[in-house]
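User: Please take a close look at the charged side-chain pairs in this model, and describe where they sit in the surrounding architecture. A connected account would suit me better than a list.

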Amino acid sequence: MNTNIKGTPGNGINVGALREFADQVAAKPAAGIATFGVVTTWEGGTRTRARTMPLVLGDTALARGFVIDADEPAELLGTDTAANPQELILAALNACMTATYAANAAAMNIELQSLTIRTKGSLDLRGFLGIDPGINPGYDQVEYEVELTSSPTFALRVSGGGFPLLGDSCSRSTGFLLHRAT
């Protein structure tokens with residue numbers, strides 16, 4: 001498997017297969033239903049280990065075998081052996097947006113040279129700790145900034161978007177209120 005795909009035609013995305021898959025989903029919407037799952041076990045303290053379940057795409061189950069560990073830093077009563085759940089949520093959001101940008105750019109024949117997404121969100125731990133029931137225990141908003149470069153004829157620095165349909169699809173695909181950084 002070629003892991004050095006930056007700057008390659010299609011950004012490492014098989015554009016023909018992407019278009020073929022999109023056509024299949026358009027013709028048979030059930031083929032585009034993807035069901036993801038993980039099983040998480042408590043490992044003691046604030047440590048957890050999640051294992052991915054088979055991905056069901058349409059009517060096909062695809063084996064997955066990934067392990068995702070989580071822990072909290074010592075300041076939040078953990079042992080700091082892994083990223084914490086909030087960091088994993090933000091990393092997963094960024095990974096989703098990155099795949100979306102790369103695929104959309106490839107479909108538009110835009111060759112990416114670099115793509116960086118910075119995401120942050122603040123939590124008021126008084127909500128999590130139950131100190132004030134009027135405070136949301138989760139994020140009220142998540143801010144993200146996208147920086148990408150391509151060929152000399154196409155360079156873009158955007159906050160939360162860039163491709164007309166892409167920014168909207170990223171915003172609609174999360175459970176967060178996404179806010180474009182200023």
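Analyst: Arg118, Glu145 and Glu147 are joined in a network of salt bridges, a salt bridge being a side-chain nitrogen of Lys or Arg within 4 Å of a carboxyl oxygen of Asp or Glu. The model is a predicted one, in which local features need pLDDT of at least 70 and side-chain atom pairs count only at pLDDT 80 or more, while totals for chains, interfaces and linings use all residues. Residues are numbered from 1 along each chain as its sequence is written, and side-chain values use heavy atoms, with hydrogens and water left out.

Within the network, arginine 118 pairs with glutamate 145, their closest N and O atoms being 3.7 Å apart. Arginine 118 belongs to strand S7 (residues 112-121) and glutamate 145 to strand S8 (residues 142-150), so this pair ties together parts that are 27 residues apart in sequence. Helices and strands here are DSSP runs numbered from the N terminus, with H or I over at least four residues for a helix and E over at least two for a strand. Arginine 118 also meets the side chain of glutamate 147 in a salt bridge, at 3.4 Å from N to O. This second pair again links distant parts of the chain, with glutamate 147 in strand S8 and arginine 118 in strand S7, 29 residues apart.

The members of the network differ in how they are covered: arginine 118, at 43% relative accessibility, counts as partly exposed, glutamate 147 is partly exposed at 28%, and glutamate 145, at 17%, counts as buried. Buried means under 20% relative accessible area and exposed over 50%, with partly exposed in between (1.4 Å probe, protein chains only). In strand S8, leucine 148 has 1% relative accessibility and counts as buried. The C-alpha atom of leucine 148 lies 5.4 Å from that of serine 114, although the two residues are 34 apart in sequence.

Arginine 118 has a further connection, this time to a helix. Asparagine 94, which is placed in helix H2, is in contact with Ile117, Arg118 and Thr119, once its neighbours within four places in sequence are left aside; contact means heavy atoms within 4.5 Å. Asparagine 94 is itself buried, with a relative accessible area of 15%, and other buried residues of H2 include Leu90, Leu93, Met97 and Tyr101. Helix H2 (residues 85-107) has 23 residues and spans 33 Å from its first C-alpha to its last, close to the 33 Å expected at 1.5 Å a residue, where the expected span is 1.5 Å times one less than the number of residues. At the start of this helix, a side-chain oxygen of asparagine 84 comes to within 3.1 Å of the backbone nitrogen of glutamine 86. After H2 comes asparagine 109, whose phi is positive, near 60 degrees.

A search of the whole structure finds four salt bridges, and one of them lies outside the network just described: the side chains of arginine 49 and aspartate 69 meet at 2.6 Å, N to O. Here too distant parts of the chain are linked, with arginine 49 in strand S3 and aspartate 69 in strand S6, 20 residues apart. Arginine 49 is partly exposed at 27% relative accessible area, and aspartate 69 likewise counts as partly exposed, at 32%.

The strands that carry this pair belong to an open, antiparallel sheet of three strands in the order S2-S3-S6, two strands being paired if DSSP finds at least two bridges between them. Strand S2 (38-44) and strand S6 (67-70) stand at the edges with a single partner each, so one side of each has no neighbour in the sheet. Strand S3 (residues 47-52) runs antiparallel to S2 and is joined to it by six bridges, with valine 39 standing opposite arginine 51 in S3.

As for the setting, the protein chain comes to four helices and 10 strands, and 24% of its 182 residues count as buried. Among the contacts in the protein chain with a separation of 6 or more, 46% are between residues 24 or more positions apart.

How values were computed. A polar contact is a pair of N or O atoms within 3.5 Å; within protein, one must be able to donate a hydrogen and the other to accept it, and residues adjacent in sequence count only if both atoms are side-chain atoms.
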